[in-house]
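Okay everyone, grab a seat and pull up the model on your screens. I'll walk you through one protein today, beginning with a single residue and working outwards.

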Amino acid sequence: MLSGALVRFGCMGYSPGMGIGSLSKYRRFFMIGGFVIFAGGALLRWHHKRTLESLSAAPAGNQPMVQISWQDDCVSYACRVIGVRGPECRDVCAQAVENGSPNVQAERIANACKKQCIADETDTALCRSECLVREATNLPR
């Protein structure tokens, strides 16, 4: 009785009943969508497994391991951070390795020195280079 009143006043439109044909159409879309998701997941798993196998199967002899000395690392990276260049950079790095090469990367020491000089409000290339030499000589070998 209430539904008849709603239809009469235009609140609810007439909707025909859903037939078996339309249900099979939705079922077909659902099945195709599920298969696409399943196939995509299987393809991604296969690709991931293949990539991992290719990495583990790579022989170690093809990629030469180049060991860079601490002083070369200092000249290449740390001098950029502390802001010195050329012969001055080489001199700073040579002073830092007079007692031997420290176990910490040069760039890491340089970044710590840069932060320390900024905190001390004496952020100059001289402060950073003195800190690099001081920290490198104090670190264990």
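So, S129: this residue sits in helix 6, and by helix I mean a DSSP run of H or I with at least four residues, numbered from the N terminus, while a strand would be an E run of at least two. Is S129 buried or exposed? It's buried, with a relative accessible area of 7%. Buried means under 20% relative accessible area, exposed means over 50%, and partly exposed is in between, using a 1.4 Å probe and protein chains only. Leaving out neighbours within four places in sequence, S129 is in contact with I82 and V92, where contact means heavy atoms within 4.5 Å.

Quick housekeeping: this is a predicted model, so local features need pLDDT of at least 70 and side-chain atom pairs count only at pLDDT 80 or more, while totals for chains, interfaces and linings use all residues. Residues are numbered from 1 along each chain as its sequence is written, and side-chain values use heavy atoms, with hydrogens and water left out.

Back to helix 6. S129 has buried company there: C127, R128, C131, L132, V133 and A136 are buried too. Who covers them? Helix 3, helix 4 and helix 5 are part of that cover. The helix has 14 residues, which should span 20 Å at 1.5 Å a residue, and its end C-alpha atoms are indeed 20 Å apart. That expected span is 1.5 Å times one less than the number of residues.

Now helix 5, residues 106-119. Its buried residues are A106, I109, A110, C113 and C117. Seen down the helix axis, they fall within an arc of 100°, so they line one face; the arc is taken from the directions between the axis and the C-beta atoms. Why would a pattern like that show up in a helix? An α-helix has 3.6 residues a turn, so residues three or four places apart point the same way. On the face turned away from the buried side, you'll find the exposed residues R108, K115 and A119. The cover over the buried side includes helix 3 (70-82) and helix 6 (125-138).

After helix 5 comes E121, in the loop between helix 5 and helix 6. Look at its phi: near 60°, which is positive in a residue other than glycine. E121 is also exposed, with a relative accessible area of 73%.

Let's put the pieces together. The largest nonpolar core has 20 residues, and W70, C74, I82, A110 and L132 touch the most other members. A nonpolar core here is a set of buried Ala, Val, Leu, Ile, Met, Phe, Trp, Tyr and Cys residues joined through side-chain atoms within 4.5 Å. Helices 3, 4, 5 and 6 each supply at least two residues of this core, and helix 3 gives the largest share, six residues. W70 alone touches a list of residues including C93, V97, A106, I109 and A136.

Zooming out, the protein has six helices and zero strands, and 18% of its 141 residues are buried.

Last thing, how far to trust it. pLDDT is the predictor's confidence in each residue, from 0 to 100. The mean is 80, and 76% of residues reach 70 or more. Helix 4 (residues 86-96) has the highest mean among the elements, 90, and helix 1 (residues 2-8) the lowest, 52. Where pLDDT is low, the predicted coordinates shouldn't be read in detail.
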